[in-house]
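Open the model in your viewer and keep the sequence panel beside it. This tour says what to select at each stop and what is there.

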Amino acid sequence: MRFLRFLPFLAVAVVILYAGLKPEPVPQAFDQQDKLHHLLGFAALAFSMRLAFPRLRLLWVIVLCLALAVLVEVGQSYYPHRVASIADMVANALGVAVGCGCSVVARRAVGRWLRRGNAVVVSR
């Protein structure tokens, strides 16, 4: 069962690394669309990391996600058609904050739901 919690995190991390480190940027349908990609990608990364590693402290989730964001931005600076930018890093940080905030809300909601006696019994 633990492996199933890890799969979404692994999938999101692979997509972020692939999209962030490929030589050509992702095509944009509108101006600054990449900022939306950064925000949503890192929100999904932070949320799925909290799901995959439920005992990991929130501070470590933030630190690890931001470290990956910095590494991706630094990696982009080595490609001629990619640009590392502070604006992208701000979008990454906002995404981490959104993902962590959503995970806190989700954990509280699930906790309340379980305290009401709505627990699902899974037979092994």
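An axis here is a line fitted to C-alpha atoms, for helices over the stretch in contact, and angles run from 0 to 180 degrees between N-to-C directions. Helices (H or I, at least four residues) and strands (E, at least two) are DSSP runs, numbered from the N terminus.

This is a predicted model, in which local features need pLDDT of at least 70 and side-chain atom pairs count only at pLDDT 80 or more, while totals for chains, interfaces and linings use all residues. Residues are numbered from 1 along each chain as its sequence is written, and side-chain values use heavy atoms, with hydrogens and water left out.

**Stop 1: the whole chain**

Show the chain as a cartoon. What is the pattern along the sequence? The chain reads α-α-α-α, with 4 helices and 0 strands. Its C-alpha trace spans about 55 × 30 × 25 Å along the principal axes. Of its 124 residues, 29% count as buried (under 20% relative accessible area; exposed is over 50%, partly exposed in between, with a 1.4 Å probe and protein chains only). Contact means heavy atoms within 4.5 Å. Among contacts between residues at least 6 apart in sequence, 70% join residues at least 24 apart.

**Stop 2: helix α1**

Select residues 2-21, which form helix α1. The expected span of a helix is 1.5 Å times one less than its number of residues. For the 20 residues of α1 that gives 28 Å, and the end C-alpha atoms are 29 Å apart, which agrees.

Now colour Phe9, Val12, Ala13, Ile16 and Gly20, which are buried in α1. An α-helix has 3.6 residues a turn, so residues three or four places apart point the same way. The buried residues of α1 pack against α2 (33-52) and α3 (58-76).

**Stop 3: α2 against α3**

Show α2 and α3 together. Their axes come within 10 Å and cross at roughly 140°. That makes α2 oblique to α3 (under 35 degrees counts as roughly parallel, over 145 as roughly antiparallel, 65 to 115 as roughly perpendicular and the rest as oblique). The crossing is right-handed (the near helix is turned clockwise from the far one by less than a right angle; anticlockwise would be left-handed).

Show side chains next: those of α2 in this contact include Phe42 and Leu45, and those of α3 include Leu68 and Ala69. By class, the contact of α2 with α3 has 10 nonpolar, 2 polar and 2 charged residues. Ala, Val, Leu, Ile, Met, Phe, Trp, Tyr, Cys and Pro count as nonpolar, Asp, Glu, Lys and Arg as charged, and the others, Gly among them, as polar.

**Stop 4: α3 against α4**

Add helix α4, residues 86-115. The axes of α3 and α4 come within 10 Å and cross at roughly 155°, and the two helices are therefore roughly antiparallel to each other. This crossing is right-handed. Among the residues in contact are Val61, Ala69 and Glu73 of α3 and Met89, Asn92 and Val96 of α4. The contact has 12 nonpolar, 2 polar and 2 charged residues.

**Stop 5: Ala69 and Asn92**

Select Ala69, in helix α3. Is Ala69 buried or exposed? Ala69 is buried, with a relative accessible area of 0%. Leaving out residues up to four places away in sequence, Ala69 touches Phe42, Met89 and Asn92. Ala69 and Val96 lie 27 residues apart in sequence and 9.4 Å apart in space, C-alpha to C-alpha.

Finish on Asn92, in helix α4. Asn92 counts as buried, at 1% relative accessibility. With residues up to four places away again left out, Asn92 touches His38, Phe42, Ala69 and Glu73.
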